[in-house]
Amino acid sequence: MFSKSKINEPGPKADEASAPKPAMPDPSRTATEFKASAPKAKPAASVLSSDLHITGNLKTTGDINVEGTVEGDIRAHLLTVGESATIKGEVVADDVVVNGRVVGRVRGLKVRLTATARVEGDIIHKTIAIESGAHFEGSVQRQDDPLNGGKKPVAPAPAPAASNG
């Protein structure tokens, strides 16, 4: 009733070993190899030049290099504040490198104040580095998650008990 199939036998058959291989590669295998070898390139950082003055908030998932003046809050992945830059507002980024002036709160996982930095405001960080020569006026607070704003959920106030007096 059942017969043994030669499909599952190990090793190639004699006539298969001498047969030429097909010229067309397996398309599913090629597609996965191509995806693995060519990851998406990270976009270049947005640069705000020294002659640019922005009033308003900036938000990106990418990187920003500020050389000009920004009056507003900035949220980014990596924020670099150039030596000639001034930011008046809150800064929130995974990585913050301050070479210029920031007036406002700084929140970041990694915050670095270089020797030319001038910061007037509180810094909330996971790790911080302050180089000799940096000017800083404010408080420093370490948090495990400084990007969430430090806002803990507040339980609603209990409802007053009804009195039948």
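Two strands are regarded as paired if DSSP finds at least two bridges between them. The present structure is a predicted model, and its strand pairing is described on that basis.

**Open sheet**

In β5, T55 has E71 as its bridge partner. Strand β2 and strand β5 (residues 69–71) run parallel and are joined by three bridges. Both strands belong to an open sheet of six strands with parallel pairing, in the order β2-β5-β7-β9-β11-β13. The edges are occupied by β2 (53–55) and β13 (135–137); each has a single partner strand, so one side of each is left without a neighbour in the sheet. On average, neighbouring strands of this sheet are turned by 5° against each other, direction ignored.

**Nonpolar core**

The largest nonpolar core comprises 23 residues, and V66, L79 and I87 have the most contacts inside it. The elements below each give two or more residues to this core.

| Element | Residues |
|---|---|
| β4 | 63–66 |
| β6 | 74–81 |
| β8 | 91–98 |
| β10 | 106–113 |

Leaving aside neighbours within four places in sequence, L79 is in contact with I64, V66, I74, I87, V91, A93, D95, V96 and V97.

**Surroundings of I128**

Residue I128 lies in strand β12 (residues 123–130). Because its relative accessibility is 30%, I128 counts as partly exposed. Residues up to four places away in sequence not being counted, I128 touches V111, I123 and V140. The C-alpha to C-alpha separation of I128 and Q141 is 9.8 Å, and these two residues are 13 residues apart in sequence.

Methods:
Residues are numbered from 1 along each chain as its sequence is written. This is a predicted model: local features need pLDDT of at least 70, side-chain atom pairs count only at pLDDT 80 or more; totals for chains, interfaces and linings use all residues. Side-chain values use heavy atoms; hydrogens and water are left out. A nonpolar core is a set of buried Ala, Val, Leu, Ile, Met, Phe, Trp, Tyr and Cys residues joined through side-chain atoms within 4.5 Å. Buried means under 20% relative accessible area, exposed over 50%, partly exposed in between (1.4 Å probe, protein chains only). Helices (H or I, at least four residues) and strands (E, at least two) are DSSP runs, numbered from the N terminus. Contact means heavy atoms within 4.5 Å. Axes are lines fitted to C-alpha atoms, for helices over the stretch in contact, and angles run from 0 to 180 degrees between N-to-C directions.
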